[in-house]
Amino acid sequence: MSSHDEADSGSIGVINEYENCQPTTPTMELARVEAAQDLAPIISSYNDKIRPLLDVIDRLRLLLVMKEGIQLPTIVVVGDQSSGKSSVLESLAGVNLPRSQGICTRVPLIIRLQNHASPTTDLYLEYNGKTVPVEESQIATAINIATDEVAGHGKSISNTPITLVVKKDGVPDLTMVDLPGITRVPVHGQPGNIYEQIRDIIMQYITPKESIILNVLSATVDFSTCESIRMSQQVDKTGERTLAVVTKADKAPEGLLDKVTADDVNIGLGYVCVRNRVGDESQEEARKEEARLFETNTHLSSINKSMVGVPVLAQKLVQIQANIIARCLPDIVKNISAKLDANVTELEKMPKALSSVAEAIQALMKIVGAAKESLKKLLWTGEFDEYPDDNTKHGTARFVAMLNKFSDDLHNCEENNLAKDFLVEEMKVLEDAKGIELPNFLPREAFIRILQKKVERISHLPIAFAENAWDCIDEVVMSVFSRHSEMYYLLKVSTKRAAHKLVQKMREQSINRVKEIVAMEKLIGYTCNPDYMTEWTKLMKQQDHFISQVNAGPNTWPLPSKVILQGIGETEIEHLRQHSNVSLLQQGFDLKMRMSAYWKLLKVRLVDSMALHLQYSVHNLVNNDMEEIVKELMGADGHGIERMVVEYPEMAAKREKLKQSIELLKASKDSVANIMDKIAGYDY
């Protein structure tokens, strides 16, 4: 006996008891075996302890908790095509399953065996959300009909399972999943990638560590060449989750003992050799013939009795199943609780459904009121306790940064380079503005023309500042309304839309106002600020020196090419010597100094105007204009709010799905909790 068989036999009490009382003579031994098969079904009192555990797992499987990502202990039956899988399952279930020369299992078949003392067998199929009672004589036909409905007529396969429930006196309490047999060559009516489809289904079921792999092997083949062995070894390299069933022992008895004891394919849970039902044999007749075979056949009688027969297979599976369930249940409980908590949290975070117009209005007023207070903090008073770590919502701080950048851009733009092409533009404008007038008169038109050009060249800066400021306002407003309306999906969508519309309206008005401010600066040059006269007077004190440098006589050599002017900087003057009109040169200098003094004040005034306008707009938004959102949602007829009471179908479906999931997970948690205390007292 191999080491794994010794380990198994020590814990299978019924089998040990059976072995210990075997007679010494072959004839008496055979009679005792036959009597045991006739009188004792493939069950034991062990099932009394297993049934509650299995019922919990079956209920969890029925509740589809695996779709929630919770893996369940599962005995997965795999094997190459025609390896005898269906025959093994027939022997365990005591019912006839579909058989054919090709693939007879085209969908995962979940077989739930439940022992009960009633003389009447209770059979039914569960698939596509319905339960169909089945007569025992018609079970194969009913499975074929269900398969055709799930997988379609023909020979294609599907991953949608069918469940066969067998409640019968004498069957072991087991739940198994029978998967399509592995075939590499598609037959007529099968898709060309039939192997890949079957492989994917098998790998899906045998990969979880909670799965026990029941690998069905034919005694007539070399185990190492079986595709099912190759697949199971991919996910269970040590073989600790794999039990092998060797079928057709009567077809190739010679050398079978060496194959199952050598264990060249690393089967950690051991081997069980069985004889398939032949022809029209009944299940009882098949078991008697199986017992006779392993007692009388020269090659097979040497195999240890803990490794032969369907009764041994049933007992091994029952014990393995109990072990894996008991081991996995704590994790299942933990995973169910975690998923339940996650679903409850998600449901609580879902938007609330509004049942009446009054409730919707109340919710709307609450949202607008809360958003108004939040926006006052973020955009007006500079309190950021609601978003301490999110600088993007710190509106007043962002306004200051934007205003500083606008001021820097304005003071560092090209228009502040007063030394560039010194007096060229001024003298040209004066030439164009000449009229019949006093010779020392400085035309106002010349000043305005230069002012308009300078303001036009910087007009994009205040507009860009306003646009950036309103982008910030829109971002903060949308975020605040989104947070305060999170619990009401329809109101969230509607209020955000209305708030965005209000912001865009005010944005347009604001930018238009900024354009007006720019237009006013272009239209009129005016200030009552005494700093203007002070600055101009200071600058004009340099006029005589400047004119003398430009008109330096022949006694001055070399002629100066530059002059340093206070408030202007180092200035090129060579290009001005071509002008012989000293009066025009003096007027040009005067005009330049007037514009320099005025431009200095205009820049400060423009920054102040933007700051005041922004503050005024924000004040109106958070204090006066929020009611526009309520008016927008109410609609012109006052019935707009009624449309928000109806919940979107997608949201309603998600809510209902979460509620159902929570209900099922709670039921699952309760089912598992009721059995957990009993597990501690079991000696597996």
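A residue counts as buried when its relative accessible area is under 20%. By that criterion, 49% of the 684 residues of the protein are buried in this model, which is a predicted one. The secondary structure comprises 22 helices and 11 strands. Among contacts with a separation of 6 or more, 78% join residues that stand 24 or more positions apart.

The interior may be approached through its nonpolar cores. The largest of them holds 89 residues, and the members that touch the most others are L379, I473, V477, F481 and F546. Helix α20, which spans residues 582–623, gives the most to this core, with 18 residues. I473 illustrates how such a member is placed: leaving aside residues up to four places away in sequence, I473 touches L379, F399, V503, L614, V618 and L621. Apart from this core lies another, of 62 residues, which includes L72, I75, L89 and I162.

One further long-range pairing may be considered here. N404 belongs to helix α13, residues 395–412. Its C-alpha atom is separated by 8.9 Å from that of V607, although the two residues are 203 positions apart along the chain. Is N404 buried, exposed or partly exposed? N404 counts as partly exposed because its relative accessibility is 44%, and the partly exposed class lies between under 20% for buried and over 50% for exposed.

Aromatic side chains offer another view of the packing. Across the whole structure, a search finds 7 aromatic pairs. In one of these pairs, F223 and Y271 are stacked, with 6.1 Å from centre to centre and 20° between the planes. This pair links distant parts of the chain, 48 residues apart: F223 sits in the loop between β7 (211–218) and α8 (227–235), whereas Y271 is in strand β9, residues 271–273. Both F223 and Y271 are buried. Elsewhere, one aromatic cluster is formed by F422, F546 and F589; F546 has already appeared among the residues of the largest core that touch the most other members.

Attention now turns from packed atoms to empty space. Rolling a probe the size of a water molecule over the atoms reveals where such space remains. The largest pocket contains about 800 Å³ of space. Its lining consists of 26 residues, of which R61, L64, K67, I110 and P161 are the closest to the centre of the pocket. Two or more lining residues come from each of the elements α4 (46–62), β1 (74–79), β2 (109–115), β3 (122–127), β4 (130–133) and α7 (194–206). By class, the lining has 11 nonpolar, 10 polar and 5 charged residues.

Two loops that adjoin these strands contain backbone features of interest. S82, in the loop between β1 and α5 (85–93), has a positive phi of about 65° although it is not a glycine. N128, placed in the loop between β3 and β4, likewise is not a glycine and has a positive phi, of about 50°. How accessible are these two residues, S82 and N128? S82 has a relative accessible area of 44% and is therefore partly exposed. N128, at 47% relative accessibility, is also partly exposed.

Note on methods: Residues are numbered from 1 along each chain as its sequence is written. This is a predicted model: local features need pLDDT of at least 70, side-chain atom pairs count only at pLDDT 80 or more; totals for chains, interfaces and linings use all residues. Side-chain values use heavy atoms; hydrogens and water are left out. A nonpolar core is a set of buried Ala, Val, Leu, Ile, Met, Phe, Trp, Tyr and Cys residues joined through side-chain atoms within 4.5 Å. Buried means under 20% relative accessible area, exposed over 50%, partly exposed in between (1.4 Å probe, protein chains only). Helices (H or I, at least four residues) and strands (E, at least two) are DSSP runs, numbered from the N terminus. Contact means heavy atoms within 4.5 Å. On a 1 Å grid over the protein atoms alone, a cavity is a set of points where a 1.4 Å probe fits but cannot get out, and a pocket is an open set with protein on both sides within 12 Å along at least five of seven lines; lining residues have an atom within 4 Å of a point. Grid points are joined across faces, edges and corners, and a volume is the space filled by probe spheres set on the points. Ala, Val, Leu, Ile, Met, Phe, Trp, Tyr, Cys and Pro count as nonpolar, Asp, Glu, Lys and Arg as charged, and the others, Gly among them, as polar. Rings of Phe, Tyr and Trp (its six-membered ring) pair if their centres lie within 6.5 Å; planes under 30 degrees apart count as stacked, over 60 as edge-to-face and the rest as tilted.
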